[in-house]
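Q: I have a structure in front of me that I have not seen before, and I would like to learn how to read its features one at a time. Could you take me through it?

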Amino acid sequence: MRVVLAEDLHILRDGLVLLLESHGFTIAEAVGDGPSLRTALARHRPDVAIVDVRLPPTFTDEGLQAALAARRDVPGLPVLVLSQHVEQLYARELLADGAGAVGYLLKDRVLNADQFIDAVRRVAAGGTAMDPEVIAKLLTAGGTASPLARLTPRERDVLELMAQGRSNAAISQRLFLSESAVGKHTASIFGKLRLPPSSDDNRRVLAVLAYLNET
């Protein structure tokens with residue numbers, strides 16, 4: 001699996017390269033600034049891009065914008081964004097096309113190698129990997145007028161895990177519920193959010209994320 005990596009901090013970039021290679025990934029190119037990232041993405045069209053939001057020369061959202069531009073050129077290009085802090089606007093921009101194969105993790109999650117590698121694989125496979133803190137911010141963004149406010153606390157727990165890309169089996173294990181109970185909560189969530197159920201876990205998650213993007 002070929003990876004393009006963009007991170008301006010040399011120590012972190014080198015560490016990520018070693019971590020990814022140790023788990024069987026091939027680093028097509030590792031860069032440290034926005035223009036180089038754009039060139040690398042166009043040249044390699046990787047299986048997944050891992051991108052720091054803030055890159056030189058602007059140190060604003062250079063990395064995110066390069067990734068979004070690449071997804072416009074190659075629809076569905078898997079992109080995992082790393083950020084120091086939760087930026088709701090950046091998360092919404094990443095989710096806006098509803099095409100899936102996206103992730104948004106805080107850099108602290110990189111310290112948990114298994115969690116980070118799982119997120120990379122999930123995004124590369126077309127799924128989603130949203131940081132729990134990002135999802136929590138999106139869930140509270142709509143205020144009391146949002147249909148999200150109609151969810152029960154347990155339904156919100158289920159929705160957060162769904163939005164992270166978890167399967168019903170994984171949710172049942174995490175929340176100590178039966179899979180049938182998770183299924184009932186899921187059906188209720190889709191009813192309250194006016195989203196049609198689907199047998200495909202990934203499409204259901206993307207539907208929820210697309211809705212959250214509009215709240």
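## Reading the fold, step by step

A: Let us begin with one pair of strands in this predicted model: strand E3, residues 48-52, and strand E4, residues 79-83, pair in the parallel sense over four bridges. Within that pairing, Val51 has Val81 of E4 as its bridge partner.

Q: In what order do the strands form the sheet, and which are the edge strands?

A: The six strands form an open sheet with parallel pairing, and its order is E2-E1-E3-E4-E5-E6. The edge strands, each of which pairs on one side only, are E2 (26-31) and E6 (128-130). From one strand to the next, the twist averages 15°.

Q: Which strands do helices H1 and H3 lie across?

A: Helix H1, formed by residues 10-22, lies across E1 (2-6), E2, E3 and E4, and runs at about 175° to E2. Helix H3, formed by residues 62-73, lies across E3, E4 and E5 (102-106), and its direction is at about 155° to E3. These belong to a chain that has ten helices and six strands.

Q: How is the packing of H3 and H4 to be read?

A: The general idea is that two packed helices are described by the angle between their axes and by the distance between those axes. Here H3 and H4 (residues 88-95) pack at an angle of about 10°, and their axes are 10 Å apart. Angles under 35 degrees count as roughly parallel, and H3 and H4 are therefore roughly parallel to each other. Leu64, Gln65 and Leu68 of H3 make the contact with Tyr90, Glu93 and Leu94 of H4. Sorted by class, this contact of H3 with H4 has four nonpolar residues, one polar and one charged.

Q: Is Ile50 buried or exposed, and what is it in contact with?

A: The cut-off needed here is that a residue is buried when its relative accessible area is under 20%. Ile50, which lies in strand E3, has a relative accessible area of 0% and is therefore buried. Leaving aside neighbours within four places in sequence, its contacts include Val3, Leu20, Leu80, Phe116 and Val120. The C-alpha atoms of Ile50 and Ala6 are separated by 6.3 Å, although the two residues are 44 apart along the chain. For the chain as a whole, 47% of the 215 residues count as buried.

Q: Where is Pro46, and is it buried or exposed?

A: Pro46 is in the loop between helix H2 (34-44) and E3, and with a relative accessible area of 5% it is buried. Beyond neighbours within four places in sequence, Pro46 is in contact with Arg2, Val3, Val4, Leu41 and Leu77. Leu77 is 31 residues from Pro46 along the chain, and their C-alpha atoms are separated by 7.9 Å.

Q: Which backbone features deserve a second look?

A: As a general guide, most residues other than glycine have a negative phi, and most peptide bonds are trans. Arg45, in the loop between H2 and E3, has a positive phi of about 45° although it is not a glycine. Phe176 also has a positive phi, near 55°, and its place is in the loop between helix H8 (168-175) and helix H9 (179-192). Phe176 is exposed, with a relative accessible area of 78%. Lastly, the peptide bond that joins Pro56 and Pro57 is cis, with omega about 10°, and Pro57 is in the loop between E3 and H3.

Note on methods. Residues numbered from 1 in each chain as written. Predicted model: local features only at pLDDT ≥ 70, side-chain atom pairs only at ≥ 80, totals over all residues. Heavy atoms only, no water. Pairing = 2+ DSSP bridges. Helix = DSSP H or I, 4+ residues; strand = E, 2+ residues; numbered from the N terminus. Axes fitted to C-alpha atoms, helices over the stretch in contact; angles between N-to-C directions. Contact = heavy atoms within 4.5 Å. Buried < 20%, exposed > 50% of the residue type's maximum accessible area, 1.4 Å probe, protein only. Parallel < 35°, antiparallel > 145°, perpendicular 65-115°, else oblique. Nonpolar A, V, L, I, M, F, W, Y, C, P; charged D, E, K, R; others polar.
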